[in-house]
Amino acid sequence: MKFLTAHDVIKHLYSLPHLHPKNDLSFIKRILSSLGDPQNKVKTIHVTGTNGKGSTSYYLSNLLQKAGQKTGLFVSPYVREFNERIQLNGQDIPNSDLVKVANIVESKIELLQKDDPNFALVTFEYETALAFEYFYLNRCDYAVIEVGIGGQHDKTNVICPEVSVITTIGLDHEKIIGPTIEDIAHEKSGIIKSKKPVVLGNVPQTVLPILLKKANETKSSVYLLGRDYTVETTKNIQYCFKNHQIVFAKRPLVESYDIAIAVTAFYLLHLPLEEKMIEKAIDQTNIPGRYQIISKAPKIVLDGAHNIQAMNNLLSFLHQVKNKDGRLYCLVTMMKDKDLKQVFDLFEDQDKVTLTTVPYSRAAKLNDFPAEVREKYAYDANYCHAYQNLKNKLSKNDILLVTGSFYLVSAILQVEDPINASARD
């Protein structure tokens, strides 16, 4: 098969299965080996966590660029278009390069299939191979690699990074890497590598020993939030690590954690960069679909929070900053396999919530929401109509939050800016 357009590549990627019968790294290792192991020819930073790994990855990418490093970034989900998933120096992979790299990978797959007709990649393996090959071909100095799900068995876990990062541990994807939070911690600890430092963020005390044990076994130095580096939020964000003290513009509390994690990981690379430039790199970082403000008066916020921990952090912040004369309006859909009841328990009685859906098989429809949620909140199956209806109700002191899924965030971005495309959770 030879791809002619980026559309051909993306269509093929999403025609592939999502999982192998056996959850191991044998397939991704074989394709990478046939490519000459490009993942070993670029320095990497590996980032996992229940929440915050995407934001942390974006902050790290910006810091590396400011330090003059040619920087790759591999993240998920994408919010506007697929090309966001693979970036070079903050620019999405061009369609022409996507086609070029996909044809290289596809040719290697066809060679492997001559010896083993059953050899095939799942979607994420193919995407991972594309990213590593692209970063190698472009001679990246560093690549920031965000884990897809988990850690130990994630298809990106074929690297020996300069620094490993674990942002948070919470309940999400329990059916895949759970069911308990201890199981999830064990899985995420799999990215800690021998004698390579690991930066830990806001990790629950109940599972911290699991991560520390793995670090001890691998002789990895640990940098723990609140112990080895600190961050405080008042009118701004105050970060402290060793003899470094930097002030950043205020963001939500969880974003301050992500900033602190990213800056600490960056310092461990020992790259020269003045503190003013670090501050500038962080303050200039815009992260698509993560506390993305598209209107200021009234404030309209798009955030792809889709689990209990992320939604709790998001709503807590918005309830704090909301004007006492204003209301919080929320347009929400979620994937039907998420913890729907627990998430909706986080909304306050005075919040004006509207349920909706998006055209995707996993997206919750009316009957997928718990009965008490359906009784309490209005439902409008047309997300565009629901969004416009809520916008029309806003006064200047109100906040409109669009949340629950990156699919919904992407759909609303299309309403506001139809030039760009859609997302994947």
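**Figure 1. Helix 14 lies across five strands of the predicted model, namely strand 12, strand 13, strand 14, strand 15 and strand 17.** The model shown here and in the other views is predicted. Helix 14 comprises residues 383–393. Its direction makes an angle of about 175 degrees with that of strand 14 (328–332). Strand 15, which is also crossed by helix 14, covers residues 352–355.

**Figure 2. Six strands build an open sheet of mixed pairing.** The order of the strands across the sheet is 12-13-17-14-15-16. Strand 12 and strand 16 (378–379) occupy the edges and have a single partner strand each, so one side of each lacks a neighbour in the sheet. In general, the strands of a sheet are paired through backbone hydrogen bonds, in either a parallel or an antiparallel manner.

**Figure 3. Strand 12 and strand 13 form a hairpin.** Between the two strands lie 2 residues. Strand 12 (residues 292–296) and strand 13 (residues 299–303) run antiparallel and are joined by 4 bridges. Within this pairing, lysine 296 is positioned opposite lysine 299 of strand 13.

**Figure 4. Strand 13 pairs with strand 17 in the parallel sense.** This pairing extends over 5 bridges, and strand 17 consists of residues 399–403. Valine 301 faces leucine 401, a residue of strand 17, across the pairing.

**Figure 5. A salt bridge links glutamate 217 and lysine 213.** The closest N and O atoms of the pair are 3.2 Å apart. Both residues belong to helix 8 (residues 208–217); because they are 4 residues apart in this helix, about one helical turn separates them. Side chains that carry opposite charges can pair when their charged atoms come close. The structure as a whole holds 9 salt bridges.

**Figure 6. The second largest pocket is lined by 19 residues.** The space in this pocket amounts to about 340 Å³. Tyr58, Gln87, Gly90, Asn286 and Pro288 are the lining residues that lie nearest the centre of the pocket. Helix 3 (53–66) and strand 4 (91–92) each contribute at least two residues to the lining. Helix 3 supplies the largest share, with 4 residues. Classified by residue type, the lining contains 11 polar, 5 nonpolar and 3 charged residues.

Definitions and conventions
Residues are numbered from 1 along each chain as its sequence is written. This is a predicted model: local features need pLDDT of at least 70, side-chain atom pairs count only at pLDDT 80 or more; totals for chains, interfaces and linings use all residues. Side-chain values use heavy atoms; hydrogens and water are left out. On a 1 Å grid over the protein atoms alone, a cavity is a set of points where a 1.4 Å probe fits but cannot get out, and a pocket is an open set with protein on both sides within 12 Å along at least five of seven lines; lining residues have an atom within 4 Å of a point. Grid points are joined across faces, edges and corners, and a volume is the space filled by probe spheres set on the points. Ala, Val, Leu, Ile, Met, Phe, Trp, Tyr, Cys and Pro count as nonpolar, Asp, Glu, Lys and Arg as charged, and the others, Gly among them, as polar. Two strands pair if DSSP finds at least two bridges between them. Contact means heavy atoms within 4.5 Å. Axes are lines fitted to C-alpha atoms, for helices over the stretch in contact, and angles run from 0 to 180 degrees between N-to-C directions. A salt bridge is a side-chain nitrogen of Lys or Arg within 4 Å of a carboxyl oxygen of Asp or Glu.
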